[in-house]
Amino acid sequence: VAIALLDTVIPHVTTGTVRREQLEWLDTMAAEADRPVIVMGHHQQWIDASGSDHRSEGYFGLHPDASEALSALVA
């Protein structure tokens, strides 16, 4: 198995992100991998279980846009 580590930290903020360059790197790495790839980061993906698309300022997770971009890449 290959492990892809993403730095999701935004300095001085609890919310995390995945930058475009990281998504491009991950896409290339996964396309060239000859084994399953496990993707890991410091923040969990945004999941809107309530349907309200609202999160508190102190939400500890990926920003929704970054989370959706990561999900799209993995799909």
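This passage walks through a surface patch, two residues in loops and the salt bridges of a predicted model.

A good place to start is the outside of the protein. Here Val1, Ile3, Leu5, Ile38 and Met40 come together as a nonpolar patch on the surface, and their accessible area adds up to about 500 Å². Two elements, β1 (2-6) and β2 (37-41), each give two or more residues to this patch. One of the patch members, Ile38, sits in strand β2. Ile38 has a relative accessibility of 41%, so it counts as partly exposed.

Next comes Asp7, found in the loop between β1 and α1 (20-32). With a relative accessibility of 47%, Asp7 is partly exposed. Setting aside residues up to four places away in sequence, Asp7 touches Thr17, Arg19 and Gln22. For the pair Asp7 and Arg19, twelve residues apart in sequence, the C-alpha to C-alpha distance is 9.1 Å. The side chain of Asp7 also has a polar atom that lies 3.1 Å from the backbone nitrogen of Val9.

A second loop residue, His43, is located between β2 and α2 (64-74). Is His43 buried or exposed? Its relative accessibility is 8%, and because buried means under 20%, His43 counts as buried. Its surroundings can be followed residue by residue. The side chains of His43 and Thr8 make a polar contact at 2.7 Å, while a polar atom of the His43 side chain lies 2.9 Å from the backbone oxygen of Thr14. When neighbours within four places in sequence are left out, the residues in contact with His43 are Thr8, Val9, Thr14, Thr15, Gly16, Phe60, Gly61 and Leu62.

Charged side chains complete the picture. The model contains four salt bridges, and a network of them links Arg19, Arg20, Glu21 and Glu24. Within this group, Glu21 forms a salt bridge with Arg19, with the closest N and O atoms 3.5 Å apart. Glu21 also forms a salt bridge with Arg20, where the closest N and O atoms are 3.4 Å apart. Arg19 is partly exposed at 42% relative accessibility, and Glu21 is likewise partly exposed at 42%. Arg20, with a relative accessible area of 53%, is exposed.

Another salt bridge joins the side chains of Arg35 and Asp34, at 2.8 Å from N to O. In this pair, Arg35 counts as partly exposed at 44% relative accessibility, whereas Asp34 is exposed, with a relative accessible area of 64%.

Notes: Residues numbered from 1 in each chain as written. Predicted model: local features only at pLDDT ≥ 70, side-chain atom pairs only at ≥ 80, totals over all residues. Heavy atoms only, no water. Patch = residues over 30% accessible without salt bridge, like charges linked within 9 Å, V, L, I, M, F, W, Y side chains within 5 Å. Areas by Shrake-Rupley, 256 points an atom, 1.4 Å probe, with all protein chains shown as cover. Helix = DSSP H or I, 4+ residues; strand = E, 2+ residues; numbered from the N terminus. Buried < 20%, exposed > 50% of the residue type's maximum accessible area, 1.4 Å probe, protein only. Contact = heavy atoms within 4.5 Å. Polar contact = N/O pair within 3.5 Å; in protein donor to acceptor, adjacent residues only side chain to side chain.
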